[in-house]
Amino acid sequence: MKSEPPQAAIAASPLRGRSPYAAIAPRLPQGETLTAAALLAQPRAELELEIGPGRGTFLFERAAACPGVGLIGVEVRLKWATLVDDRLKSEGLGDRCRVFAEDMRVALPRFADGLFRRIFIHFPDPWWKKRHAKRRLASAEPMAECVRVLARGGELFVQTDVEEAVTRYRGALDTLEALAPNGDTAGEPWLAHNPYNARSPREYRAMRDGLPIHRLRYVRR
Ligand SMILES: C[S@@+](CC[C@H](N)C(=O)[O-])C[C@H]1O[C@@H](n2cnc3c(N)ncnc32)[C@H](O)[C@@H]1O
């Protein structure tokens with residue numbers, strides 16, 4: 001069952017800030033339960049979701065690596081959602097790849113059950129200050145919503161160079177019975193490498209700076 005967007009999340013959303021992009025940012029279409037047909041002009045059998053794509057490198061590389069896949073990005077920063085969505089269109093990918101300017105805590109409850117085959121969360125939660133802790137996605141409610149929109153057998157991939165963050169994600173994901181760890185070793189979620197033939201901007205930066213990258217993968221039972 002779909003759940004309502006949490007009111008506290010809406011109140012705390014960075015989307016509330018003023019931005020010159022507010023009038024033109026691509027927003028999710030109207031409607032209660034969004035399906036692939038509502039999101040994409042040419043929906044594909046497999047749909048993937050990136051939460052917080054930022055400058056969008058992963059989406060472009062993933063689109064090139066998997067021509068048969070549809071891609072949706074949900075990015076809370078109006079500027080990056082607008083610029084990346086515009087570039088997807090100008091590169092001829094807009095029929096199967098879109099970025100919407102939305103807070104994932106508000107957007108996910110609007111997606112249909114089991115809509116996505118894969119969900120990617122790359123280098124999330126740049127909220128270090130205690131007073132910003134409520135914005136973090138690594139908590140039970142947003143992760144349970146990720147599970148709801150994941151298809152059976154679908155994958156949830158999280159990577160970060162921040163050990164504290166990966167510990168928080170693992171803690172939140174391990175409590176969800178609908179997920180099974182799906183890493184390199186049976187019964188463990190850890191992956192040594194990113195297997196998706198596409199990298200995010202922060203992933204490139206972490207690799208260039210020689211930072212360790214912690215990667216988790218779970219599969220929907
Ligand atoms: C540290 S940046 C990483 C960007 C990109 N994923 C990468 O790996 O380079 C985190 C991204 O998540 C976005 N973000 C944070 N909270 C979000 C939320 N609640 N909904 C959607 N996007 C969010 C930020 O705006 C930012 O683009």
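This passage looks at the surroundings of Thr-160 and of the ligand in a predicted model.

Thr-160 is a good place to begin. This residue belongs to strand S5, which covers residues 150-160. Its relative accessibility is 1%, and because buried means under 20%, Thr-160 counts as buried. Leaving aside residues up to four places away in sequence, the contacts of Thr-160 are Phe-123, Pro-124, Ala-165, Val-166, Pro-212, Ile-213 and His-214. The side chain of Thr-160 also has a polar partner: one of its polar atoms is 2.9 Å from the backbone nitrogen of Val-162. Along the chain, Thr-160 and His-122 are 38 residues apart, yet their C-alpha atoms are separated by 6.3 Å.

His-122 leads on to the ligand, since this histidine is listed with Gly-52, Glu-75, Ser-200 and Arg-202 as coming nearest among the 19 residues around the ligand. Sorted by class, the shell comprises nine nonpolar, four polar and six charged residues. At least two residues of this shell come from strand S2 (69-75), and at least two from helix H8 (201-208).

Several polar contacts can be followed atom by atom. On the backbone side, a polar atom of Gly-52 sits 2.7 Å from a nitrogen atom of the ligand. Glu-75 takes part through its side chain, with a polar atom 2.5 Å from an oxygen atom of the ligand. The side chain of Asp-103 likewise places a polar atom 2.9 Å from a ligand nitrogen. As for the ligand's surface, 600 Å² is exposed when the ligand is taken alone, and the protein buries 92% of that.

Conventions:
Residues numbered from 1 in each chain as written. Predicted model: local features only at pLDDT ≥ 70, side-chain atom pairs only at ≥ 80, totals over all residues. Heavy atoms only, no water. Helix = DSSP H or I, 4+ residues; strand = E, 2+ residues; numbered from the N terminus. Buried < 20%, exposed > 50% of the residue type's maximum accessible area, 1.4 Å probe, protein only. Contact = heavy atoms within 4.5 Å. Polar contact = N/O pair within 3.5 Å; in protein donor to acceptor, adjacent residues only side chain to side chain. Near = heavy atom within 4 Å. Areas by Shrake-Rupley, 256 points an atom, 1.4 Å probe, with all protein chains shown as cover. Nonpolar A, V, L, I, M, F, W, Y, C, P; charged D, E, K, R; others polar.
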